[in-house]
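Trainee: Please take one residue of this chain as a starting point and look at it closely. Then work outwards and connect it to the rest of the model.

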Amino acid sequence: QGTAPCGVGAIQVFLSSFLSFLALAASYTDSSDDEVSPREKQQTNSKGSSNFCVKNIKQAEFGRREIEIAEQDMSALISLRKRAQGEKPLAGAKIVGCTHITAQTAVLIETLCALGAQCRWSACNIYSTQNEVAAALAEAGVAVFAWKGESEDDFWWCIDRCVNMDGWQANMILDDGGDLTHWVYKKYPNVFKKIRGIVEESVTGVHRLYQLSKAGKLCVPAMNVNDSVTKQKFDNLYCCRESILDGLKRTTDVMFGGKQVVVCGYGEVGKGCCAALKALGAIVYITEIDPICALQACMDGFRVVKLNEVIRQVDVVITCTGNKNVVTREHLDRMKNSCIVCNMGHSNTEIDVTSLRTPELTWERVRSQVDHVIWPDGKRVVLLAEGRLLNLSCSTVPTFVLSITATTQALALIELYNAPEGRYKQDVYLLPKKMDEYVASLHLPSFDAHLTELTDDQAKYLGLNKNGPFKPNYYR
């Protein structure tokens, strides 16, 4: 009895701490019942500015911690920031951006600001925004318009708010998917003509740029970052190799050993996904239109099939082609019960989700970003992120790999903004190989890696400069 009060006191302290933790977690994850659209809220940051639209500006402190964690594994980008901060190579640049808004892209945005740029930002995906990170950017003075769970109307409204501001006109575009470029081109042609450069990092966006160029409608130079070696070989391959499993595990708790999986597309994203799935014991099939990629898949030990040949038996369907209608309603109708369907490509066009919104099918939300689509006979298909990009909608991606892409984007912006007149015409360009190699070199110290140097005789024999570039510009 003499020790009971002490025990009760300990329990009270524990309960108090636990309740405080729950309150903190609720604030951090934004699990409140507040369903008011951010567009209808009046919010200001600590400096009195309201030039932003985010879910909850009060989450800024948590977002700042997320950004600080990301900075620890983005040393190359921080190094670039420190090296160039004094020179301000982006002084006068007014960058309008449309990318995923995560802790990693926040490090990029703040690096651009440190290098002299003014930035206005929206999200390229309605599900990938980290609300606390958007709040931290808004608190720091970045005009950011984004929140997780935007509607289609919200998505275009946010882009428009970034572009359309009295007394401010963008002269650079950083895009992921081409939606921002398309919006400026269609809605603000006078602004588009005055843009000094566009940097695009996705297959979808690059395809749209090449279409504009082919039609003679691209009136500004653009940099295709997606096809740079540092993007293709690292972000697309290694990032997806790790994040595909993370996204699937978090949403479905699926065990991969013995599961039959079909991956549509064997480009760099597909290669990364297949390597991870195979390592965990999955039986992996590939669909491909390109005979070279198909042959690579065969040589890597995968069976190349048509989707119709395996659609009835597979447990998981993953798209990563950059195309549209890869998985159609006919495919969905033939899938077996509990088949998981998801997309690892940028756009939400690969899976024909629209065809599932019909009266005879029932949608049941079972988890965040997880829907059961139920057929009249009781069959269920598990659809993830409504067919949008799985890894950034349902999980996170490795910070280090995103540092490589972010550094590439920053250098591409600096190059286009500072290029003398005439260096770049109204066309789409690949990142100069020297710049690709510089980005890679910035990341080698993280591994304590030491490059071998060519002797003068060796360099002469190979016909190379000792300091690079070591690969021709057409190398991919």
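Mentor: I69 is exposed, since its relative accessible area is 59%, and the cut-off for that class is over 50%. Note that the model is a predicted one. I69 sits in helix 2, which spans residues 60-72. From its C-alpha to that of L307 the separation is 41 Å, with the two positions 238 residues apart along the chain.

A contrast to I69 is helix 5, residues 131-139. Eight of the nine residues of helix 5 are buried, so helix 5 is mostly covered, with buried meaning under 20% relative accessible area. The buried residues are N131, E132, V133, A134, A135, A136, L137 and A138. A helix with 3.6 residues a turn has residues three or four places apart pointing the same way. In helix 5 the buried residues follow one another from N131 to A138. Just after helix 5 comes G141, with a positive phi of about 105 degrees.

Next along the chain are strands 4, 5 and 6. Strand 4 (residues 172-175) and strand 5 run parallel and are joined by four bridges. On the other pairing, strand 5 and strand 6 (residues 222-224) are also parallel, over three bridges. E200 of strand 5 takes part in both: D175 stands opposite E200, and E200 in turn stands opposite N224 in strand 6. Between strand 5 and strand 6 the chain passes through helix 9 (residues 203-214), in a β-α-β crossover that is right-handed. In a regular strand the side chains alternate between the two faces of the sheet. For strand 5 (residues 197-200), both faces are covered: G197 and V199 are buried on one side, and I198 and E200 are buried on the other.

Helix 10 covers residues 229-252, 24 residues in total, and spans 33 Å between its first and last C-alpha, close to the 34 Å expected at 1.5 Å a residue. There is nevertheless a kink of about 45 degrees in helix 10, centred on C240. D253 follows helix 10 and has a positive phi, near 60 degrees.

The UniProt record, an unreviewed entry, annotates residues 236-397 as "domain: S-adenosyl-L-homocysteine hydrolase NAD binding". Over that range the chain is 33% helix and 23% strand, and its end C-alpha atoms are 11 Å apart. An open sheet of eight strands has the order 9-8-7-10-11-14-13-12, with mixed pairing. Strand 9 (303-304) and strand 12 are at its edges; each has a single partner strand, so one side of each has no neighbour in the sheet. Within the sheet, strand 7 (residues 260-264) and strand 10 (residues 316-319) run parallel, joined by four bridges. C264 stands opposite T319 in strand 10.

The same unreviewed UniProt entry carries a "binding site" annotation on G267, E268, V269, G270, K271, G272, E288 and N391. One of these, E288, is in the loop between strand 8 (283-287) and helix 12 (291-299). With a relative accessible area of 24%, E288 is partly exposed. Leaving aside residues up to four places away in sequence, E288 touches G265, Y266, G267, C293 and A294. G267, a contact of E288, is also listed under that annotation.

Two non-glycine residues with positive phi sit in loops. Q369, with phi near 70 degrees, is a residue other than glycine, and its place is the loop between strand 12 (362-367) and strand 13 (370-374). Q369 is buried at 6% relative accessibility, because the class takes values under 20%. D448, also not a glycine, has a positive phi near 55 degrees and lies in the loop between helix 17 (433-443) and helix 18. At 58% relative accessibility D448 is exposed, as I69 is at 59%.

Further on, the segment after helix 18 (456-462) holds P469. The peptide bond between G468 and P469 is cis, with omega about 5 degrees.

Definitions and conventions: Residues numbered from 1 in each chain as written. Predicted model: local features only at pLDDT ≥ 70, side-chain atom pairs only at ≥ 80, totals over all residues. Heavy atoms only, no water. Expected span 1.5 Å × (residues − 1). Bend = angle between axes of the 7 residues up to and from the residue. Buried < 20%, exposed > 50% of the residue type's maximum accessible area, 1.4 Å probe, protein only. Pairing = 2+ DSSP bridges. Right-handed = clockwise from strand over helix to strand, strands pointing away. UniProt positions renumbered as here; feature names shortened; annotations may be inferred. Contact = heavy atoms within 4.5 Å.
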